[in-house]
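Student: I have a structure open and would like to talk it through with you. Could we go over it question by question?

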Amino acid sequence: MKQLYRYWITIFSIIIIFIFVVFGFRGIDESTRQQQRESLEKALNRGVLQCYAQEGRYPESLDYLVQNYHIIYDEEAFEIKYQTVASNIVPDVTIIEK
């Protein structure tokens, strides 16, 4: 009877440890994704302002910004909505997590 009790305690302990590990990895993944988003947002803002400072106008498209100001991001993880009104008005940049 004691062996059966120890067996179930061991199985239960393994399950509990597994659950903690899974939730730990999820938390790390979420934190990393948030940091990537913040880094992308800063890079986009920096690129937009740098373009305006160097060229006297804001970038006309996201492609122009990516190609000429070396913005690199994970296209599978993030979608960027880039809308311009005029070359002298700051574009509206929205980052969407997929």
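What follows is a conversation about this predicted model.

Student: Glad to start with the overall layout. In what pattern do the helices and strands follow along the sequence?
Tutor: Happy to help! The protein has two helices and two strands. Read along the sequence, their order is α-α-β-β.

Student: Is the protein compact or spread out, judged by its radius of gyration?
Tutor: Start from the pattern α-α-β-β. The globule rule gives 13 Å for 98 residues, and the radius of gyration is 24 Å, well over that value, so the protein is more spread out than a compact globule. The C-alpha atoms, taken along the principal axes, fill a box of roughly 80 × 20 × 15 Å. The answer is therefore spread out, with a radius of gyration of 24 Å.

Student: How far does α1 reach from its first C-alpha to its last?
Tutor: Helix α1 covers residues 2-55, and it has 54 residues. At 1.5 Å a residue, 80 Å would be expected, and the model comes close to that. The reach is 79 Å.

Student: What share of the residues is buried?
Tutor: Buried here means under 20% relative accessible area. The accessible surface of the protein comes to about 7900 Å², and carbon and sulfur atoms account for 56% of that surface. Of the 98 residues, the buried share is 19%.

Student: Which residues of α1 are buried, and which elements help to cover them?
Tutor: The buried residues of α1 are Leu 40, Ala 43, Leu 44, Gly 47, Val 48 and Cys 51. Their cover includes α2 (62-68), β1 (78-83) and β2 (92-97).

Student: Which residues does Arg 33 contact, leaving aside its neighbours within four places in sequence?
Tutor: Arg 33 lies in helix α1, and its relative accessible area of 25% makes it partly exposed. Ser 61 is 28 residues from Arg 33 in sequence, and their C-alpha atoms are 25 Å apart in space. With those neighbours set aside, Arg 33 is in contact with Ala 77, Phe 78, Glu 97 and Lys 98.

Student: What share of the contacts with a separation of 6 or more comes from residues 24 or more positions apart?
Tutor: A contact here requires heavy atoms within 4.5 Å. Among contacts in the protein with a separation of 6 or more, residues 24 or more positions apart account for 37%.

Student: Which residues make the nonpolar surface patch, and what is its area?
Tutor: Two of its members can be placed first: Ile 15 is in helix α1 and is partly exposed at 44% relative accessibility, while Ile 19 is also in α1 and is partly exposed with a relative accessible area of 38%. The patch is made by Phe 12, Ile 15, Ile 16, Phe 18, Ile 19, Phe 20 and Phe 23. Its area is about 760 Å².

Student: How far apart are the C-alpha atoms of Ile 15 and Ile 89?
Tutor: Along the chain, Ile 15 and Ile 89 are 74 residues apart. Ile 15 belongs to helix α1. The separation of the two C-alpha atoms is 56 Å.

Student: Which residues are linked in a network of salt bridges?
Tutor: Side chains of opposite charge can pair when their charged atoms come close. Arg 57 pairs with Glu 55, with the closest N and O atoms 3.1 Å apart, and Arg 57 also meets Glu 60 at 3.2 Å, N to O. Arg 57 is partly exposed at 26% relative accessible area, as is Glu 55 at 32%. The network links Glu 55, Arg 57 and Glu 60.

Student: How far apart are the closest N and O atoms of Lys 81 and Glu 79?
Tutor: The whole structure holds three salt bridges, and Lys 81 forms one with Glu 79. Lys 81 is partly exposed at 39% relative accessibility, and Glu 79 is partly exposed at 33%. Their closest N and O atoms are 2.8 Å apart.

Student: Which residue other than glycine has a positive phi near 55°?
Tutor: A glycine with a positive phi, Gly 56, sits just after α1 at about 80°. The residue you want is in the loop between α2 and β1 and counts as exposed at 65% relative accessibility. With phi near 55°, the residue is His 70.

Technical notes:
Residues numbered from 1 in each chain as written. Predicted model: local features only at pLDDT ≥ 70, side-chain atom pairs only at ≥ 80, totals over all residues. Heavy atoms only, no water. Patch = residues over 30% accessible without salt bridge, like charges linked within 9 Å, V, L, I, M, F, W, Y side chains within 5 Å. Areas by Shrake-Rupley, 256 points an atom, 1.4 Å probe, with all protein chains shown as cover. Salt bridge = Lys/Arg side-chain N within 4 Å of Asp/Glu carboxyl O. Helix = DSSP H or I, 4+ residues; strand = E, 2+ residues; numbered from the N terminus. Buried < 20%, exposed > 50% of the residue type's maximum accessible area, 1.4 Å probe, protein only. Rg over C-alpha atoms; globule rule 2.2 N^0.38 Å. Expected span 1.5 Å × (residues − 1).
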